[in-house]
Amino acid sequence: MTPLRSRKIQIPELVSPAGDWSSLASAVMSGADAVYFGVKGLNMRLQSANFDLLELPAVMDTLHSAGRKGYLAINVIIYQNELDKLRKILSRARSAGVDAVILWDMAALSLAKEMGLTVHLSTQASVSNAEALAKYAKLGVKRAVLARECSLRDIKSIIRTLKERDIDCSVETFVHGAMCVSVSGRCHLSHQAFGRSANRGDCLQPCRREFMIKDMSGECEYVLGEGYVLSPRDLCALDLLDRLIRAGVKAFKIEGRARPPEYVKVVTSVYRKALDAFSEGRLDSGMKGELLGELNNTFNRGFSSGFYLGIPESSGALSERIYEKIFAGDVVKYYKKISVAEVRIKGCPIGNGDTLLVSGKKTPAFYFTAEEMEIEHKKISLAEKGITVAIKMPFPVRAGDKVFLWRSPV
């Protein structure tokens with residue numbers, strides 16, 4: 001196979017989600033080229049921990065020190081009484097050195113351009129053709145995340161048109177993560193049922209619940225779904241990655257700012273491996289199969305290629321869980337010279353040979369096998385609730401980090 005460098009095909013930027021510090025560290029460690037995140041108040045993942053506005057400089061310093069880019073998501077509808085808040089957030093984003101802001105509200109777009117910020121158009125704008133993208137480009141948009149309803153054929157045509165017309169705007173697409181059954185973010189079910197709006201990033205996902213439906217006469221009733229009503233499978237474009245690269249997509253986005261750091265770690269790592277393998281001419285069906293196996297170790301609702309190959313399958317059945325994440329305890333102290341952590345067991349017991357997951361506010365998600373455990377310098381095989389145990393760890397951790405047991409469901 002001809003080396004990629006000679007073909008001058010640009011490898012897309014890998015953009016990973018971060019809902020908190022641990023996820024941000026996990027994304028960086030796992031090979032993300034850029035990280036997107038929100039601040040408290042105005043973003044589409046209100047239920048994530050998010051970052052405080054005052055943390056923006058620290059976030060960007062962390063990313064830039066690691067040679068990564070940082071994109072601030074302000075991708076909600078903006079109400080009239082929030083314009084001052086919006087100005088404050090954008091001003092802080094500019095002073096913190098944010099590489100781009102992700103938005104779609106015209107007020108946000110106008111103010112961002114006025115302040116000299118680089119603008120990426122959110123998928124919430126539902127751009128699905130080159131004419132719409134050309135209009136946004138004239139307004140100063142430098143990258144657009146296309147509507148998820150676009151097929152691979154649509155994407156190729158849009159990118160070809162942009163090149164033919166010399167329009168200075170690149171295309172970004174989602175490659176992995178949850179898909180909304182409605183037009184992304186435009187569903188009112190959660191708002192009507194609970195007063196929690198999807199348009200404001202606060203969706204409680206009632207569509208994924210199980211419902212009992214009765215006819216008005218009372219003669220019959222039905223249970224809809226097995227844990228869901230209208231829940232689509234998760235997007236996984238791993239098998240189509242090479243075709244999307246050759247189509248000219250400039251950035252691949254992973255959904256998941258509400259997901260835990262271990263999810264960000266695994267999914268980012270898989271897509272990093274896939275992109276690197278493509279650049280070296282190694283991304284074949286065998287490798288894709290191996291990487292898909294790694295993705296199956298993360299929470300998912302079953303995988304779908306989305307709209308890339310046409311109308312997605314209607315099945316939305318939840319996939320069988322192949323792991324459990326069970327809280328075990330907290331790190332009390334870490335001894336750097338000997339790579340040992342004292343862990344107070346507050347939940348389930350830990351035994352020799354168990355797979356453990358550790359993560360914390362600023363500690364990326366790490367997995368390891370518990371092989372050396374001691375209490376008062378005496379080796380033990382089982383650490384039970386209520387005790388403090390010394391555990392050898394192959395990576396640095398911090399006091400306050402959480403320790404979980406990672407196992408197959410019993």
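This is a chat about the confidence, cores, ring pairs and strands of a predicted model.

Student: Before I get attached to any detail, what's the average pLDDT here?
Tutor: The model is predicted, and the protein averages a pLDDT of 86. At least 70 is the score for 85% of the residues.

Student: Where does pLDDT stay under 50?
Tutor: One stretch is residues 1-6, where the model has 7 contacts beyond four places in sequence. Another is residues 314-321, with 14 contacts beyond four places in sequence.

Student: OK, on to the inside. How many residues are in the largest nonpolar core?
Tutor: That core has 99 residues. Leu72, Val101 and Tyr271 are the ones with the most contacts inside it.

Student: And which helix gives the most to this core?
Tutor: Helix α10, residues 261-279, which puts in 10 residues.

Student: Let's stay with Tyr271. What does Tyr271 touch, leaving out residues up to four places away in sequence?
Tutor: Quite a list: Leu14, Val175, His176, Cys236, Ala237, Leu238, Leu241, Ile254 and Leu295.

Student: Arg272 comes right after. Where does Arg272 sit, and is Arg272 buried or exposed?
Tutor: Arg272 is in helix α10. With a relative accessible area of 14%, Arg272 is under the 20% cut-off, so Arg272 counts as buried.

Student: Buried arginine, noted. What does Arg272 touch?
Tutor: Setting aside residues up to four places away in sequence, Arg272 touches Ile11, Leu14, Ser30, Gly31 and Asp33. Leu14 is also among the residues that Tyr271 touches.

Student: Switching to helix α2. Why is α2 described as largely enclosed by the rest of the structure?
Tutor: Helix α2 covers residues 21-29, and 8 of its 9 residues are buried, so the rest of the structure largely encloses it. The buried ones are Trp21, Ser22, Ser23, Leu24, Ala25, Ser26, Ala27 and Val28.

Student: Which elements do the buried residues of α2 pack against?
Tutor: They pack against strands β1 (13-18), β2 (34-37) and β16 (355-359), plus helices α3 (56-65) and α10. Trp21 also turns up in a ring cluster, linked by ring pairs with Phe37 and Phe51.

Student: Speaking of rings, how many aromatic pairs are there in the whole structure?
Tutor: A search finds 6. Take Phe327 and Phe404: the ring centres are 6.0 Å apart and the planes sit at 70°, so that pair is edge-to-face.

Student: Which parts does the Phe327 and Phe404 pair tie together?
Tutor: Phe327 is in strand β13 (residues 324-335) and Phe404 is in strand β22 (residues 402-407), so the pair ties together parts that lie 77 residues apart in sequence. Phe327 is partly exposed, at a relative accessible area of 32%, whereas Phe404 is buried at 13%.

Student: What about Phe366 and Phe395, how are their planes set?
Tutor: Their planes are at 15° and their centres 4.1 Å apart, so this pair is stacked. Phe366 belongs to strand β17 (residues 366-369), and Phe395 to the loop between β21 (388-392) and β22, so parts 29 residues apart in sequence are tied together. Phe366 counts as buried at 17% relative accessibility, and Phe395 is buried too, with 6%.

Student: Any charges over rings? Which ring does Arg148 lie over?
Tutor: Arg148 lies over the face of Phe174, 3.8 Å from the ring centre. There's also Lys253, whose charged end sits over the ring of Tyr36 at 4.6 Å from its centre.

Student: Now the strands. What's the order in the open sheet of 8 strands?
Tutor: The order is β17-β16-β22-β13-β14-β21-β18-β19, with antiparallel pairing. The edges are β17 and β19 (378-379), each pairing on one side only.

Student: How do β18 and β21 pair?
Tutor: Strand β18, residues 373-375, runs antiparallel to β21 and pairs with it over 2 bridges. Glu374 stands opposite Ala390 in β21.

Student: Last one: where is Lys336, and is Lys336 buried or exposed?
Tutor: Lys336 is in the loop between β13 and β14 (340-345). Lys336 is exposed, with a relative accessible area of 72%. From Lys336 to Arg398 is 62 residues in sequence and 9.9 Å in space, C-alpha to C-alpha.

Technical notes: Residues are numbered from 1 along each chain as its sequence is written. This is a predicted model: local features need pLDDT of at least 70, side-chain atom pairs count only at pLDDT 80 or more; totals for chains, interfaces and linings use all residues. Side-chain values use heavy atoms; hydrogens and water are left out. pLDDT is the predictor's confidence in each residue, from 0 to 100. Contact means heavy atoms within 4.5 Å. A nonpolar core is a set of buried Ala, Val, Leu, Ile, Met, Phe, Trp, Tyr and Cys residues joined through side-chain atoms within 4.5 Å. Buried means under 20% relative accessible area, exposed over 50%, partly exposed in between (1.4 Å probe, protein chains only). Helices (H or I, at least four residues) and strands (E, at least two) are DSSP runs, numbered from the N terminus. Rings of Phe, Tyr and Trp (its six-membered ring) pair if their centres lie within 6.5 Å; planes under 30 degrees apart count as stacked, over 60 as edge-to-face and the rest as tilted. A charge sits over a ring if NZ of Lys or CZ of Arg is within 6 Å of the ring centre and within 35 degrees of the ring normal. Two strands pair if DSSP finds at least two bridges between them.
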